[in-house]
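Please open the structure in a viewer and keep the sequence panel visible. The tour below proceeds by selection, one region at a time.

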Amino acid sequence: MKLVLIPTIIFLAMTAHAADDLSLPDPLKTLAGQKIVSSKEWRSTRRPEILELFRANVYGRAPVGRPAELTFELKETTETALSGKATRKLVDIHFSGPGGKGTIRLAVFIPNNVPKPVPGLLLICNRDRTNIDPSRKTKSPFWPVERIVERGYVAAAFHNSDLDPDMNDGFKDGVHGIYDSVDAPRSPDAWGTIAAWAWGASRVMDYFETDRDIDATRMGVVGHSRGGKTSLWCGAVDERFALVVSNESGCTGAALARRKKGESIKAINRGFPHWFCAKYKQYNDKENELPVDQHELIALMAPRLVYVASAAGDGWADPEGEFLACVHAASVYRLFGLPGLGSTSFPPLDHPLNSGHIGYHVRSGKHNLLESDWNCFMDFADKHWKKSQQ
Ligand code: GCU
């Protein structure tokens, strides 16, 4: 017994110590030094402040929300998809602005034979489009539609390149070219590519709100890696998403920047200069000067559901940093009388923490989005959304 307990106590002490050393910004203290003591103050004062700090310093500012010109074209409805288990809808979401127009090609599978409207999960796909093949000729664990439908959830997906190609193209292509002003020079807080993809997920939510088969009040947004950075930013900006899932999002996703483990701000700005706003580059090698850290991004989801997933073999995304961000977001959930993560010790491999409003797992294996990850997301959703049925 002693032999088991002693290493556990040492590990717990190390975890707490590692976090204490970081001097993280306090989500419950305003820039003016005021202590936030209620969910009301959080909503009226501190939440808008933190959101604005992330906008101005990290992800950038979208020049437009729901555009005046936005239409939904139902291209196809197949009621006998997946051998009759689902109705497949293919929807083109058209948007336009001063610099042109674009289309999000959304695929949705709605389980048949379940009461409508149905809750579900929207994947922001950042891998090859074949991973979200609506014909199901190609099946990928990255988007296990059959499993999602079997578990009674809507499976929806779009490809990030419908919003903006993942290239450092001087912000000429995609939604930047459509909505950015051409008269003024690009400002240091102009939106980057991650913010553009997140904007796309919100336009999909605009569609969900019109579809009576879909429960828009219980939709989750899911992303892997760069897609996970995107789902977190989307969930922060767009509170219509009731659940936000980050799979191995790492640097400038769920992982704390101040730990300086795995990918750094400097490395990500070098490798992917188009992902964030120009001002973010000022924090290269200056993590401690950033007025926010990523636990505060997670806290912006409160009191909604948020699930963070790591993989043990994904040191680049700093699994422990992702976990500690969840731990340090919990103070905001407590303002709402919610337990947050409900734990401060790093869980064993493949043992999800899913009883609080913040869920977390670290699974064995490498950087990837697998069907087992999806099952964990749905276990979490079941726990919170199907409580009354259990
Ligand atoms: C790179 C990048 C990460 C990103 C990942 C991905 O590894 O450094 O920040 O999360 O690509 O999107 O797959």
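How many residues lie between β2 and β3 in the hairpin that they form? There are two residues between these strands. The model is a predicted one, and every stop on this tour should be read in that light.

**Strands β1, β2 and β3**

Begin by selecting residues 86-97, which make up β2, together with residues 100-111, which make up β3. These two strands run antiparallel and are joined by twelve bridges. At the hairpin, G97 stands opposite G100 in β3. Next, add residues 69-80, the strand β1. Nine bridges connect β1 to β2, and this pair of strands is also antiparallel. To follow the pairing, select E73 and look across to D92 in β2, which stands opposite. In a regular strand, side chains point alternately to one face of the sheet and to the other.

**Two cis peptide bonds**

Move to P117, in the loop between β3 and β4. The peptide bond leading from K116 to P117 is cis, and its omega is near 0°. Then select P303, which belongs to the loop between α9 (294-299) and β8. Here the bond from A302 to P303 is cis, with omega near 0°.

**The loop between β4 and α4**

Select N126, which is placed in the loop between β4 and α4. Is N126 buried or exposed? Its relative accessibility is 17%, so N126 counts as buried. Beyond its neighbours within four places in sequence, N126 is in contact with F142, H159, N160, H224, R226 and G227. Displaying these residues together shows the surroundings of N126.

Now select R136 and E146, whose side chains form a salt bridge with an N to O distance of 2.9 Å. R136 lies in the loop between β4 (118-125) and α4 (145-150), while E146 is in helix α4, ten residues away. R136 is buried at 8% relative accessible area, whereas E146 is partly exposed at 28%.

**Further salt bridges**

Salt bridges appear elsewhere as well, and their count in the model is 31. Side chains of opposite charge can pair when their charged atoms come close.

Select R240 and E209, which meet in a salt bridge at 3.1 Å, N to O. R240 lies in the loop between α7 (226-237) and β7 (243-247), and E209 in the loop between α6 (193-208) and β6 (214-224), so the bridge ties together parts that are 31 residues apart in sequence. Both residues count as partly exposed: R240 has a relative accessibility of 25%, and E209 has one of 47%.

Continue with D318 and R259, a salt bridge in which the closest N and O atoms are 2.8 Å apart. This pair links distant parts of the chain, with D318 in the loop between β8 (305-311) and α10 (319-335) and R259 in the loop between β7 and α8 (265-271), 59 residues apart. D318 is buried at 5% relative accessibility, and R259 is buried at 11%.

To view a network, select R203, D206, E209, D238 and R240, which are joined by salt bridges that share partners.

**A pocket and a cavity**

Which residues lie closest to the centre of the largest pocket? They are D180, S181, A184, R186 and A190, among 17 residues that line it. The space in this pocket is about 360 Å³. Its lining comprises seven nonpolar, five polar and five charged residues.

For the largest cavity, select C251, L256, A257, K261 and E263, which lie nearest its centre among 14 lining residues. This cavity has a volume of about 80 Å³. Its lining divides into seven nonpolar, three polar and four charged residues.

**Two residues with positive phi**

Finish with two backbone positions. S23 is in the loop between α1 (2-20) and α2 (39-59), and its phi is near 50°, a positive value in a residue other than glycine. S23 is exposed, at 57% relative accessible area. F171, in the loop between β5 (154-159) and α5 (174-179), has a positive phi near 60°. F171 is buried, with 16% relative accessibility.

Methods
Residues numbered from 1 in each chain as written. Predicted model: local features only at pLDDT ≥ 70, side-chain atom pairs only at ≥ 80, totals over all residues. Heavy atoms only, no water. Salt bridge = Lys/Arg side-chain N within 4 Å of Asp/Glu carboxyl O. Helix = DSSP H or I, 4+ residues; strand = E, 2+ residues; numbered from the N terminus. Buried < 20%, exposed > 50% of the residue type's maximum accessible area, 1.4 Å probe, protein only. Pairing = 2+ DSSP bridges. Contact = heavy atoms within 4.5 Å. 1 Å grid on protein atoms, 1.4 Å probe; cavity = no way out; pocket = protein on both sides within 12 Å on 5 of 7 lines; lining within 4 Å. Points joined across faces, edges and corners; volume = space filled by probe spheres on them. Nonpolar A, V, L, I, M, F, W, Y, C, P; charged D, E, K, R; others polar.
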